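Reader: Please take a close look at one part of this model for me. I want the aromatic side chains, and then whatever else you can place around them.

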Amino acid sequence: MKKYIYLDYAATTPVDPGVKKAMNPYFSTKYGNTSSVHFFGQEARKSLDKSRNMVAKLINANPDEIIFTASATESNNIAIKGLALNLSSFSINDKKNKDKNRIIISSIEHPSVLETVEWLEKKGFNVTKIKVDRNGFLNLKDLEKEIDEKTLLVSLIHASNEIGTIQPINKISDICRRKKTYLHIDSTQALGKIPIDVKEMQVDMISGSSHKIYGPKGVGFLFVRRGTKVSSLFRGGSHEFNLRPSTVNLSGIVGFSKACEILIREMDNENKRIAKLRNKLIKEVLKIKGAYLNGPICYGENDHITKRISNNANFRFSFIEGESLMVNLDLMGFSVSTGSACSSTKLQVSHVLLATGLKHEEAEGSLRISLGRWTTEEEINSFVKTLRILINKLRTNYF
Ligand SMILES: Cc1ncc(COP(=O)(O)O)c(C=O)c1O
């Protein structure tokens with residue numbers, strides 16, 4: 001079989017062998033339902049509790065603040081719609097916030113946030129999108145100005161899935177506290193790459209996903225700070241503190257918790273190694289004529305935890321379409337992406353790149369390369385060599 005080199009870790013990651021091993025017994029011997037009272041049920045319940053403790057530990061939360069879900073998409077939906085559902089027009093749960101009908105997001109959100117607030121907009125909510133600068137950083141002055149007494153929630157992407165930009169969450173949470181509005185962050189790409197401490201960060205809700213951190217697909221979590229009034233979107237059971245009914249996906253949750261355990265041990269070193277490789281990749285690719293970096297420059301020692309997550313690089317190439325580059329790279333054995341995987345089937349230009357001020361044709365020429373746990377220096381060297389050849393060839397065809 002032809003050897004493929006995977007450089008799309010932002011789309012999804014392979015399951016770590018340690019995670020797979022930890023999950024195995026839950027398919028064959030430890031298959032009980034966590035709600036059953038018998039031996040098998042009790043055994044399952046203990047594993048669920050243990051897993052919850054581990055996921056909580058990764059972000060310094062209390063275990064009862066972790067709700068297991070099926071994905072970050074689901075977590076984002078529960079966080080945003082669940083808070084909105086508490087308004088008096090829907091229920092009488094949240095008298096304090098009953099007149100609040102405004103939601104603020106950024107112009108570079110993942111579709112799972114963007115389309116959720118657009119749905120609420122159709123139901124009568126006011127939605128405001130805060131602009132970002134050329135590198136994808138949110139304009140904090142605009143954010144502060146826009147939050148008014150009607151604002152219920154600010155929901156922001158923590159690290160961009162396309163250009164890797166890390167938002168200054170501590171500064172943002174200060175603003176939200178002062179202005180007395182809820183803050184939800186979508187940390188799907190940030191988890192495992194930036195230390196997250198909810199005691200320090202003072203955010204109200206955080207979404208994350210297992211399959212981005214070498215855990216299985218089909219598991220996510222939502223951190224809900226104690227006292228945050230979120231209504232359930234579902235009916236039919238009392239699982240997950242009444243917020244997410246249905247038999248819990250225990251094998252997946254155990255895998256997710258093992259992935260968190262590995263990160264607690266190895267996150268620091270892993271991200272330093274990956275950032276070094278990524279910086280080398282950027283340096284080499286920028287030697288190609290007409291190649292530009294999208295998103296922040298990140299050569300400083302701690303830039304991978306303050307400016308741009310360790311594994312992300314995003315380039316544009318003049319006179320070349322990202323889509324044709326991606327397809328040709330695939331034919332030559334390199335798996336990369338042109339933007340977020342979720343929009344790649346639609347063939348539309350990235351709203352994130354456009355929001356950073358790129359022209360349509362510039363955004364069309366973009367390519368996202370994302371590294372991970374098993375990316376090697378040889379793979380990066382081989383990728384750069386192939387990219388150089390391909391760009392020359394495609395440009396020859398163009399002119
Ligand atoms: C920033 C961000 N949010 C949400 C999601 C959705 O995650 P999931 O696949 O777990 O639904 C993704 C996936 O790419 C993402 O990158």
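Author: Phe256 is buried, with a relative accessible area of 0%. The model is predicted, and that holds for everything below. Phe221 comes out at 1% relative accessibility. The cut-off for buried is under 20%, so Phe221 counts as buried.

Now the wider aromatic picture. The whole structure holds nine aromatic pairs. One of them joins Tyr9 and Tyr214. Their ring centres are 6.3 Å apart, and the planes meet at 55°. That makes the pair tilted. Tyr9 sits in the loop between strand E1 (5-6) and helix H1 (17-23). Tyr214 sits in the loop between strand E7 (205-209) and strand E8 (220-224). The pair therefore ties together parts that are 205 residues apart in sequence. Tyr9 and Tyr214 are buried.

Back to the two phenylalanines. Phe221 and Phe256 form a tilted aromatic pair. Here the centre-to-centre distance is 6.1 Å, and the angle between the planes is 35°. Phe221 belongs to strand E8 and Phe256 to helix H9 (residues 250-285), so this pair links parts that are 35 residues apart in sequence.

Tyr9 and Tyr214 have further company. Together with Tyr6 and Trp374 they form one aromatic cluster. Trp374 also meets a charge: the charged end of Arg373 sits over its ring, 5.9 Å from the centre. Trp119 has a similar visitor. The charged end of Lys81 sits over the Trp119 ring, 4.9 Å from its centre.

Next, the ligand. Its shell has 14 residues. Thr73, Asp186, Gln189, Ser209 and Lys212 come nearest. Helix H4 (residues 72-84) gives the largest share of the shell, three residues. By character, the shell divides into ten polar residues, two nonpolar and two charged.

Three side chains make polar contacts worth listing. An N or O atom in the side chain of Asp186 is 2.7 Å from a nitrogen atom of the ligand. Thr188 places a polar side-chain atom 3.3 Å from a ligand nitrogen. Ser209 works on an oxygen atom of the ligand: an N or O atom of its side chain is 2.6 Å away. Taken alone, the ligand exposes 400 Å², and the protein buries 90% of that.

Now the loop between E8 and H9. Ser232 is found there. At 11% relative accessibility, Ser232 counts as buried. A polar atom of its side chain lies 3.0 Å from the backbone oxygen of Phe234. The backbone oxygen of Leu243 is also in reach, 3.2 Å from a polar atom of the Ser232 side chain.

Two helices remain. Helix H11 covers residues 322-331. Its buried residues are Gly322, Leu325, Met326, Asn328 and Leu329. Gly333 follows H11, with a positive phi near 95°.

Helix H5 (residues 111-122) contains Glu115. At 45% relative accessibility, Glu115 counts as partly exposed. Glu115 and Ala275 are 160 residues apart in sequence. In space, their C-alpha atoms are 32 Å apart.

Key: Residues are numbered from 1 along each chain as its sequence is written. This is a predicted model: local features need pLDDT of at least 70, side-chain atom pairs count only at pLDDT 80 or more; totals for chains, interfaces and linings use all residues. Side-chain values use heavy atoms; hydrogens and water are left out. A residue is near a molecule or strand if one of its heavy atoms lies within 4 Å of it. A polar contact is a pair of N or O atoms within 3.5 Å; within protein, one must be able to donate a hydrogen and the other to accept it, and residues adjacent in sequence count only if both atoms are side-chain atoms. Accessible areas come from the Shrake-Rupley method with a 1.4 Å probe; for residues, only the protein chains shown count as cover. Helices (H or I, at least four residues) and strands (E, at least two) are DSSP runs, numbered from the N terminus. Ala, Val, Leu, Ile, Met, Phe, Trp, Tyr, Cys and Pro count as nonpolar, Asp, Glu, Lys and Arg as charged, and the others, Gly among them, as polar. Rings of Phe, Tyr and Trp (its six-membered ring) pair if their centres lie within 6.5 Å; planes under 30 degrees apart count as stacked, over 60 as edge-to-face and the rest as tilted. Buried means under 20% relative accessible area, exposed over 50%, partly exposed in between (1.4 Å probe, protein chains only). A charge sits over a ring if NZ of Lys or CZ of Arg is within 6 Å of the ring centre and within 35 degrees of the ring normal.
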